[in-house]
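Biologist: I would like to learn how to read a protein model step by step. Could you take me through one and explain each idea before you apply it?

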Amino acid sequence: MNDTIVAISTAMGVGAISIIRLSGEDSIKIANSIFSNDLENVNSHTINYGYIKNNDEIIDEVLVSVMKSPRTYTTEDIVEINCHGGIATTNKVLELLIKQGARLAEPGEFTKRAFLNGRIDLAKSEAVMDLIESKTETSRKLAIAGLEGKTSKMIENFRNDIKDLISRVEVNIDYPEYYDIEVMTIDKIKDKVKELKETLEIIIKESKNTKILKQGIDTLIIGRPNVGKSSILNKFLDEEKAIVTDIAGTTRDIVEGEVLLNNIPLNIIDTAGIRTTEDIVEQKGVEKSISLIDKADLVIVVLNSNENLTGEDKEILEKTKDKTTIVVLNKNDLEQKISKEDLKDYNVVSTNTNSNEGINSLKEKIIELFNLEQIESKDYNYLTNIRQITKAEQALEKLNDVEKGINNDLPIDMIEIDLRDCFDLLGEIIGKTYSDEIIDHLFEKFCVGK
């Protein structure tokens, strides 16, 4: 990280202002080389008026913010050039800065430097992107809680409890001749592990609700051709998002839309009709539809209620049996050949897309299944993404192993291994322990310039 990076930090397009950001030890020197006034000797955290120049040619009239290390976002020298919005002007200024020695930043590299330089931890880094991407007031509050360090403090306190247990184990290992120490150690570890497990289970449960509040419910609509999948999507979104015809196979690729349900985003995907087909393009769409089942939080299986269950219907039901699934018996205004009794093991809703009555019933069933009327978060101090929740679940499993080890009279040093694994897994949530590969993968999801 010895070089100086540069990127456009605002969305490209026509606007009042574009911001170009530099970070690194040569930031001020590089910006100064194309600025009309001297930036080398200005005070830190000042805004300076002048012109960006290419030799004698004036490129733009700008305001330049100079922020000197270490009191900056990355802890490095940072310069932000506020130029007039517009693609041509912004790109020209960026081009000049690169010619003067700056390197185009990778996605998320500014925040990555803030993390690697110790200014923020990993949970706070993820909160930065959460704040940028927040679509509801709840998701904004969750991101701010992460940015303030509430999540990090919670995990750090939990790790301190684990560290205390490890220290007790090490006393026992260092002084094996004192049997009473071992008895005291085992009893206290057992009680504390039970307490920690209960706390972590609550954190994980509430965090899964938090994920729904923040990211919404990924909802897949699946079924045979011409059962009304696209019509249901259009009714949900209240717009003609998907093409609806009587021709089987009209939808050949996924169609996506988003709607708020009880202030929770419902990320809906309408898929290609599931059937055997010789059409290569349609076949690819069918394969893609099936592959999305595992990734969905909710699967809506649409059946044509005025036809008997087909082999393809049964195959779809079999593929979705382990998911949170709602079976929609569509076209209930026609003669019914499938009844709710035929599907008594499923959550079933009857609809027809000629009215909103059935769609409202479907929405009510989603609200019921995900407890959307009860889900609320007065305390926004929870884990907010799959990565964090997965690490917490793995840590919980290690605590289960500790409990099993104690019950099975395993040697105390074997129990310590599981405690240390738990400690390290919790550390991965906030970046106390990490691998370069994980860090690179996490920050490449960020937008360039952040």
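Modeller: What follows is a short conversation about strands, sheets, helices and burial.

Modeller: This is a predicted model, in which local features need pLDDT of at least 70 and side-chain atom pairs count only at pLDDT 80 or more, while totals for chains, interfaces and linings use all residues. Residues are numbered from 1 along each chain as its sequence is written, and side-chain values use heavy atoms, with hydrogens and water left out.

Biologist: How many helices and strands are there in the chain?

Modeller: Helices (H or I, at least four residues) and strands (E, at least two) are DSSP runs, numbered from the N terminus. The chain holds 14 helices and 12 strands. Of its 450 residues, 48% count as buried, where buried means under 20% relative accessible area, exposed means over 50%, and partly exposed lies in between, with a 1.4 Å probe and protein chains only.

Biologist: How do I read a sheet, and what is the order of the strands in the one that contains β8?

Modeller: Strands of a sheet pair through backbone hydrogen bonds, either parallel or antiparallel. Here two strands pair if DSSP finds at least two bridges between them. In this case an open sheet of six strands, with mixed pairing, has the order β8-β9-β7-β10-β11-β12. Its edge strands are β8 (255-261) and β12, each of which pairs on one side only. The twist averages 25° from one strand to the next, with axes taken as lines fitted to C-alpha atoms, for helices over the stretch in contact, and angles running from 0 to 180 degrees between N-to-C directions.

Biologist: In which sense do β8 and β9 pair, and in which sense do β10 and β11 pair?

Modeller: Strand β9 (residues 264-270) and β8 pair in the antiparallel sense over seven bridges, and Val-255 stands opposite Asp-270 in β9. Strand β10 (residues 298-304), by contrast, pairs with β11 in the parallel sense over six bridges, with Val-299 opposite Thr-325 in β11. On to the next neighbour: β11 and strand β12 (residues 347-350) are also parallel, over four bridges, and Val-327 stands opposite Val-348 in β12.

Biologist: Why is β11 described as largely enclosed?

Modeller: In a regular strand the side chains alternate between the two faces of the sheet. Thr-325, Val-327 and Leu-329 point one way from β11, while Ile-326, Val-328 and Asn-330 point the other way, and all are buried. Because six of the six residues of β11 (residues 325-330) are buried, the strand is largely enclosed by the rest of the structure.

Biologist: Which helix joins β10 and β11 in a β-α-β unit?

Modeller: A crossover is right-handed if, with the strands pointing away from the viewer, the path from the first strand over the helix to the second runs clockwise. β10, helix α10 (residues 311-319) and β11 make such a right-handed β-α-β unit. Another helix, α8 (residues 229-237), lies across β7 (217-223), β8, β9, β10 and β11, running at about 155° to β9, where contact means heavy atoms within 4.5 Å. α10 packs on the sheet as well, touching β7, β10 and β11, and its direction makes about 165° with that of β10.

Biologist: What is the order of the strands in the sheet that contains β3?

Modeller: That open sheet of six strands has the order β3-β4-β5-β2-β1-β6, with mixed pairing. Its edge strands are β3 and β6 (103-104), each pairing on one side only. Nine bridges join strand β3 (residues 46-54) to β4, and the two run antiparallel. The hairpin of β3 and β4 has two residues between the strands, and in this hairpin Asn-55 takes a positive phi near 60°. Helix α2 (residues 87-99) lies across β1 (5-8), β2 (17-23), β3, β4, β5 and β6, at about 175° to β1.

Biologist: How do I read a helix, and how many residues does α13 have?

Modeller: An α-helix has 3.6 residues a turn, so residues three or four places apart point the same way. Helix α13 (residues 412-430) has 19 residues and reaches 28 Å from its first C-alpha to its last, close to the 27 Å expected at 1.5 Å a residue; the expected span is 1.5 Å times one less than the number of residues. Its buried residues include Ile-412, Ile-415, Leu-419, Cys-422 and Leu-426. Just after α13, Gly-431 takes a positive phi of about 85°.

Biologist: Is Ser-125 buried or exposed?

Modeller: Ser-125, in helix α4 (residues 122-133), has 0% relative accessibility and so counts as buried. A polar atom of its side chain lies 2.9 Å from the backbone oxygen of Asp-121.

Note on methods: A polar contact is a pair of N or O atoms within 3.5 Å; within protein, one must be able to donate a hydrogen and the other to accept it, and residues adjacent in sequence count only if both atoms are side-chain atoms.
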